[in-house]
Amino acid sequence: MATTSSSKNEKWSLAGATALVTGGSKGIGTALVITNHVSMCMQTRHSGQLGRDGRTCCRSEADLSRCLKEWTAMGLAVTVSICHLSVRAEREALVGRVQALFDGKLSILVNNAGMSFLKPAAELTPEECSSLMATNFESCFHLSQLVYPLLKASGRGSIVNISSIASFPGFRSLPNAMYAAAKGAMNQVTRNFAAEWANDGIRVNCVAPGFIRTPLLSEFVVGNEFERAEFNRVPMGRLGDPEEISSLVAFLCKPASSYVTGVTHMATTTISKTERWSLAGATALVTGGSKGIGRAVVEELASFGASVHTCARNEADLNSCLEEWTAKGLAVTVSVCDVSVRAEREALAGRVCALFDGKLSILVAMINSVRAPIA
């Protein structure tokens, strides 16, 4: 049985953190509130996986009141407010409320609110273009500016922007040029903010979901030819669920992702929170597991309940690691292997096959070889 260390708990916890999530009453936003257990303030149209205490806001008071009642029944400390994010003055008022609520400090901003018009580019009106840019991009940029001092004051700030797969390819059967342009701008500003604010202790990342079962998507594509075509395109063969995106957002907000910034993560593909963050019953092979990143991977997988086999060329190093892993209660087995030799790779795979009854959940190929040049 793997032991749980305090350092592991801290890496994977948001205890004591505070968050502002826009669009928190539906879809991905709602999933964000429920899973994360942090102090939260939310603007809504969507919210969900970030909550012990919190705040949310939305344009629909009825939606907010319904969500607040459910969150309160779940024991989540979430506060809410009405806010129209396309209006600059309302964004400024929202951040003023957040600043007062969280004593001038904010740990997390999730820019999740969004809207779309499915119309050919040639038919979009100036008003529709302005509305799309104001909600999908300008609100993201301006809110990030407004909360920058609050994130800096927290000492460990994180921004996660919710973009879209639409910002990468063009979809002939799903005309949304201005929406895609706004999300593409969000991808780029993620990189700019990450570079500018890293020295202030602020990480900035972006998640670009594929087609997820949200109210925004259901209105347009669920149940028609586009959905069936999407099933054939993505490896998982189905639409994604909001909880599958909120888990990735949660990871990007946690200390475990402290070296990740400036990246747009494409998520193109329910289970309980416990299952989402557990590897109980899984089996893993990690090559090069006696040092550096490989060793850290072995320990992380095993600490989440996986049975891990690892290999290295140096038997003394392996035995030293195995002694430490055994003392920690981690389920790890080892073998000596030079993975640069084909026959040894085949023998390793045979041992793993026998060890795990012909089934393997995870392969992490960590081997790298750097040799000094010959003089």
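Trainee: How many disulfides does the structure hold?

Mentor: Let's take the general idea before the case. A disulfide is a covalent bond between the sulfur atoms of two cysteines. In this predicted model, the count of disulfides is 0.

Trainee: What is the nearest cysteine sulfur to Cys 337, and how far away is it?

Mentor: That sulfur belongs to Cys 311, and it sits 4.7 Å away. A disulfide needs the two sulfur atoms within 2.5 Å, and Cys 337 is in no disulfide.

Trainee: Is Cys 337 buried or exposed?

Mentor: Buried means under 20% relative accessible area. Cys 337 has 3% relative accessibility, so it counts as buried. For another cysteine, try Cys 353: its relative accessibility is 45%, and it therefore counts as partly exposed.

Trainee: Good, I can read that number now. Let me try Thr 135. Where does Thr 135 lie?

Mentor: Thr 135 is part of helix α5, which covers residues 126-154. Its relative accessible area is 6%, so Thr 135 is buried.

Trainee: Which residues does Thr 135 touch, leaving out those up to four places away in sequence?

Mentor: Thr 135 touches Ser 86, Ala 113, Gly 114 and Met 115.

Trainee: Now to helix pairs. How should I describe two helices that pack together?

Mentor: Two packed helices are described by the angle between their axes and the distance between the axes. Take α5 with helix α6, residues 177-197: their axes come within 9 Å and cross at roughly 15 degrees. Angles under 35 degrees count as roughly parallel, so α5 is roughly parallel to α6. Their crossing is right-handed.

Trainee: Which residues make that contact?

Mentor: From α5, they include Leu 132, Phe 137 and Tyr 148; from α6, they include Met 186, Phe 193 and Trp 197. By class, the residues in the contact of α5 with α6 are 15 nonpolar, 3 polar and 1 charged.

Trainee: Could we practise on α11 and α12? At what angle do their axes cross?

Mentor: Happily! Helix α11 spans residues 292-303 and helix α12 spans residues 315-327; their axes come within 12 Å and cross at roughly 25 degrees. These two helices are therefore roughly parallel to each other. α11 passes α12 in a right-handed crossing.

Trainee: Which residues of α11 and α12 meet?

Mentor: On the α11 side you will find Arg 295, Val 298 and Glu 299, which meet Cys 321, Glu 324 and Trp 325 of α12. Sorted by class, this contact of α11 with α12 has 3 nonpolar, no polar and 3 charged residues.

Methods: Residues numbered from 1 in each chain as written. Predicted model: local features only at pLDDT ≥ 70, side-chain atom pairs only at ≥ 80, totals over all residues. Heavy atoms only, no water. Axes fitted to C-alpha atoms, helices over the stretch in contact; angles between N-to-C directions. Helix = DSSP H or I, 4+ residues; strand = E, 2+ residues; numbered from the N terminus. Parallel < 35°, antiparallel > 145°, perpendicular 65-115°, else oblique. Left-handed = near helix turned anticlockwise from the far one by under 90°. Contact = heavy atoms within 4.5 Å. Nonpolar A, V, L, I, M, F, W, Y, C, P; charged D, E, K, R; others polar. Buried < 20%, exposed > 50% of the residue type's maximum accessible area, 1.4 Å probe, protein only.
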